[in-house]
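Biologist: I have a structure open on my screen and would like to learn how to read it. Could you walk me through the features one by one?

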Amino acid sequence: WDDLKSSLSNDATFQVSNVDDWFDQCIAPFADLNLPIPFGPCDKSISDSDCDDPVSNYQLYPQPSGLCMAAANCGYEKCEGGPFGKQTSSAGPAIFNSTQFPKEQWTEDDTNLDLPDVVVHPIHVGDLSAAVKFASEHKIGVSVKTSGHSYTGSSTKKGTLLLNLSKLQKYSPFGSIVECQVDPNI
């Protein structure tokens, strides 16, 4: 890993995956929130309770580990793990009582976790190139996370080098968003 780290720009970040980081940054913020069910967008026809969720899974994507996903159980293979097992809903992370579901229940069977070996937050295309070249030379699979919205957990994969693109500089002549115009002659 030292060779990879030395080939990246000074601003790119590199981190070996850690189960404790995943839990502390991606799961623990949802403990003991007592939010209404269903999770996610508020539906006043289902619940009259306050709909202002105090934390959103979207707020977790920039965490230093780069491991947070749209659904907590997608930290496990096929999004089927953790104390809740398989969740059929594509709703956000599980809200849980930390007394009933302590950290140990989330992390004790880490063989079922689907976390990459290392996470790289490239800053520019040179970092991307260096990381992909390193992975190719060492026969390591590559997984890519753009926003973590894969409800199938495909933005992370066990044993891979994860390229988390959240810090990648985006280029275009007019900023990062380009509005396309329809050409009526086509």
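**Reading the sheet and the cores**

Modeller: Happily! Let's begin with one spot in the sheet: Val119 stands opposite Leu162 in β4. Keep in mind that this is a predicted model.

Biologist: How do strands β2 and β4 run where they are joined, parallel or antiparallel?

Modeller: The general idea first: strands of a sheet pair through backbone hydrogen bonds, either parallel or antiparallel. Here β2 (residues 118-121) and β4 (residues 161-164) run parallel, and three bridges join them. Strand β1 is joined to β2 by four bridges, and these two run antiparallel. On that side, Phe14 stands opposite Val120 in β2.

Biologist: What is the order of the strands in the open sheet?

Modeller: The order of the four strands is β1-β2-β4-β3, with mixed pairing. At the edges sit β1 (13-16) and β3 (142-145), each of which pairs on one side only. Ignoring direction, neighbouring strands are turned by 20° against each other on average. Helix α4 (residues 125-137) packs on this sheet and touches β3 and β4, its direction making about 165° with that of β4.

Biologist: Which way do the side chains of β2 point, and are they buried or exposed?

Modeller: Val118 and Val120 point one way, while Val119 and His121 point the other way; all of them are buried.

Biologist: Now to the interior. Which residues touch the most other members of the largest nonpolar core?

Modeller: As background, nonpolar side chains in soluble globular proteins tend to be buried together. In this model the largest nonpolar core has 21 residues, and Trp22, Ile27, Leu67 and Trp106 touch the most other members. Helix α2 (residues 19-27) gives the largest share of this core, four residues. Apart from it lies another core of 17 residues, including Leu8, Val120, Ile123 and Leu165.

Biologist: Helix α2 sounds worth a closer look. Which of its residues are buried?

Modeller: They are Trp22, Phe23, Gln25, Cys26 and Ile27. These buried residues pack against α3. Look also at the start of α2, where a side-chain oxygen of Asn18 comes to within 2.6 Å of the backbone nitrogen of Asp20.

Biologist: And the aromatic residues: how many pairs does the count come to?

Modeller: The count comes to four aromatic pairs. A pair of aromatic rings is described by the distance of the centres and the angle of the planes. For Trp22 and Tyr76, the centres are 5.6 Å apart and the planes stand at 85°, so this pair is edge-to-face.

Biologist: Why does that pair tie together separate parts of the chain?

Modeller: Because Trp22 lies in helix α2 and Tyr76 in the loop between α2 and α3 (103-107), the pair ties together parts that are 54 residues apart in sequence. Both Trp22 and Tyr76 are buried.

Biologist: Which geometry does the pair of Phe23 and Trp106 have?

Modeller: That aromatic pair is tilted, with 6.5 Å centre to centre and 55° between the planes. It links distant parts of the chain, since Phe23 is in helix α2 and Trp106 in helix α3, 83 residues apart. Phe23 counts as buried at 6% relative accessibility, and Trp106 is buried with a relative accessible area of 2%.

Biologist: Which residues form an aromatic cluster together with Phe14?

Modeller: Trp1 and Phe134 join Phe14 in one aromatic cluster. You have already met Phe14 in the sheet, opposite Val120.

Conventions: Residues are numbered from 1 along each chain as its sequence is written. This is a predicted model: local features need pLDDT of at least 70, side-chain atom pairs count only at pLDDT 80 or more; totals for chains, interfaces and linings use all residues. Side-chain values use heavy atoms; hydrogens and water are left out. A nonpolar core is a set of buried Ala, Val, Leu, Ile, Met, Phe, Trp, Tyr and Cys residues joined through side-chain atoms within 4.5 Å. Buried means under 20% relative accessible area, exposed over 50%, partly exposed in between (1.4 Å probe, protein chains only). Rings of Phe, Tyr and Trp (its six-membered ring) pair if their centres lie within 6.5 Å; planes under 30 degrees apart count as stacked, over 60 as edge-to-face and the rest as tilted. Contact means heavy atoms within 4.5 Å. A polar contact is a pair of N or O atoms within 3.5 Å; within protein, one must be able to donate a hydrogen and the other to accept it, and residues adjacent in sequence count only if both atoms are side-chain atoms. Two strands pair if DSSP finds at least two bridges between them. Axes are lines fitted to C-alpha atoms, for helices over the stretch in contact, and angles run from 0 to 180 degrees between N-to-C directions.
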